[in-house]
Amino acid sequence: RCSVSSTRIGHEQIRLASGGANRGITISSLKEADQLAFILGFGGYVPDRIMTNDDWAELVDTDDEWITARTGIKERRFAADDQSTLDLAAHAAEKAMEDAGLTAAEIDEIIVATDTPEAYTPDTASFLQHRLGCREVPAYDLGGSGCAGFVQALDVARARMLLQPKRILIVGVELISRLMSWKDRSFCVLFGDAAGAVVLGPEDGRAELLDVVAGTDGSKTEILTLKTGGTRYPFNAESLASGAYQHLDMDGRRVFREAVHRMSTAVEDLLENTQRTIDEVALVIPHQANKRIIDAVGHKLAIPEERVYINVQDYGNTGSATVPFALWEAKETGRIRPGDLVAVTAFGAGFHWAAAAIQF
Ligand code: ACO
């Protein structure tokens, strides 16, 4: 059972259908509701400094063979000492605004997805609003959701645009190399620094955001968590001395299984919602944590290898930046062409997942 109400968005009449088992409020499949959010511009940035597997082998007990076989990663980029999260975010954001043909004054809202913020407080979005020279628009971070943050932000932004058509800058950024332990070989070799950005707007742009799905299974917080620094386990002399404040608890195998299951199921849900088939998808862009996870997602979706985007070998896992950076790179290098249907899908600590269908 569901009840239907209606609201005006710009000049469009939109019907809101609420209720139905486990469905909350959903937008009815009216044509008007399908045309609310377009991606107007894309941006991406990685720092210049390259860190290869051999470079890591000089610092910790590891080698290129182990890293390549387990993860597919060959190298990653690390920020320069004088760069911070804000610098990376600003580079990607400026490119996305330029690509959209918009000035900072034309941005109506800013969302930054990051787990490695500029400061503990305030959020990175506040710093970014000032750095870019935006008006006094709402700006906030989506933090803590690990690598799913950017796609979750697409979901939030799309919902915000239902209330009021606006241009929303969304940035996924991580500067993990600054905060991780450089001594723990289980983790340090996996990550890299990067930023990616998009600008969403209501006017017919380069790519239409057709649908976003997202979910969380909070019973699995334990499989991927950095506990120290929160109120349950505050920073103290002991955690600083032991290095616990940098220690990510990860059950790698369970994360692997969940990642494959959730990222592929999320794409299947998208296809069902948008009434498309996997054969119509030109490119799947999964979160770039690990090549074996990406291959398994492609296998589960029964999509040929050449239609699954992989750049983890060049950048490692850049957290919430992987998806927007890959979108930008795929577009820049001609892997995405006009007319393509693209599915992005991500997972992160939580356990969160989110996926989006984008019609170019
Ligand atoms: N170099 C050499 N040996 C290593 C390294 C390294 N860098 N790291 C760990 N090892 C050793 C371990 O100590 C262990 O040795 P032991 O058998 O003597 O105890 C051995 O390699 C196997 O370790 P496992 O952790 O069991 O290795 P596994 O095959 O599970 O691979 C990996 C680890 C790559 C992390 C895998 O579990 C995985 O891909 N998990 C998915 C999770 C993921 O990608 N997380 C990334 C961050 S989360 C996110 O993106 C949201």
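Which residue forms a salt bridge with Asp249? It's Lys227, with the closest N and O atoms 4.0 Å apart. A salt bridge here is a side-chain nitrogen of Lys or Arg within 4 Å of a carboxyl oxygen of Asp or Glu. Lys227 sits in the loop between β12 (224-225) and α8 (237-242), and Asp249 in strand β13 (residues 249-250), so the contact ties together parts that are 22 residues apart in sequence. Helices (H or I, at least four residues) and strands (E, at least two) are DSSP runs, numbered from the N terminus. Both ends of this bridge are partly exposed, Lys227 with a relative accessible area of 31% and Asp249 with 30%. On this scale buried means under 20% relative accessible area, exposed over 50%, and partly exposed in between (1.4 Å probe, protein chains only).

A word on the ground rules: this is a predicted model, in which local features need pLDDT of at least 70 and side-chain atom pairs count only at pLDDT 80 or more, while totals for chains, interfaces and linings use all residues. Residues are numbered from 1 along each chain as its sequence is written, and side-chain values use heavy atoms, with hydrogens and water left out.

The structure holds 17 salt bridges. One of them pairs Arg131 with Asp87 at 3.0 Å, N to O, linking distant parts of the chain: helix α4 (residues 124-132) carries Arg131 and helix α3 (residues 85-100) carries Asp87, 44 residues apart. Arg131 is partly exposed at 40%, whereas Asp87 is buried at 17%. Helix α3 also supplies Asp99, which is 232 residues apart from its partner Lys331 in helix α12 (residues 322-332). That bridge spans 3.8 Å, N to O; Asp99 is partly exposed at 25% and Lys331 is buried at 18%.

Then there's the ligand. Its shell counts 25 residues (a heavy atom within 4 Å), and the closest are Thr62, Arg70, Arg185, Asn290 and Asn317. By class, that shell has 12 nonpolar, 8 polar and 5 charged residues. Helix α9 gives the most to it, with 4 residues. As for individual atom pairs, a side-chain N or O atom of Arg70 is 2.7 Å from a ligand oxygen, and one in the side chain of His287 is 3.0 Å from a ligand oxygen. Gly252 uses its backbone instead, with an N or O atom 3.1 Å from a ligand nitrogen. Taken alone, the ligand exposes 1,000 Å², and the protein buries 74% of that (Shrake-Rupley method, 1.4 Å probe).

Conventions. A polar contact is a pair of N or O atoms within 3.5 Å; within protein, one must be able to donate a hydrogen and the other to accept it, and residues adjacent in sequence count only if both atoms are side-chain atoms. Ala, Val, Leu, Ile, Met, Phe, Trp, Tyr, Cys and Pro count as nonpolar, Asp, Glu, Lys and Arg as charged, and the others, Gly among them, as polar.
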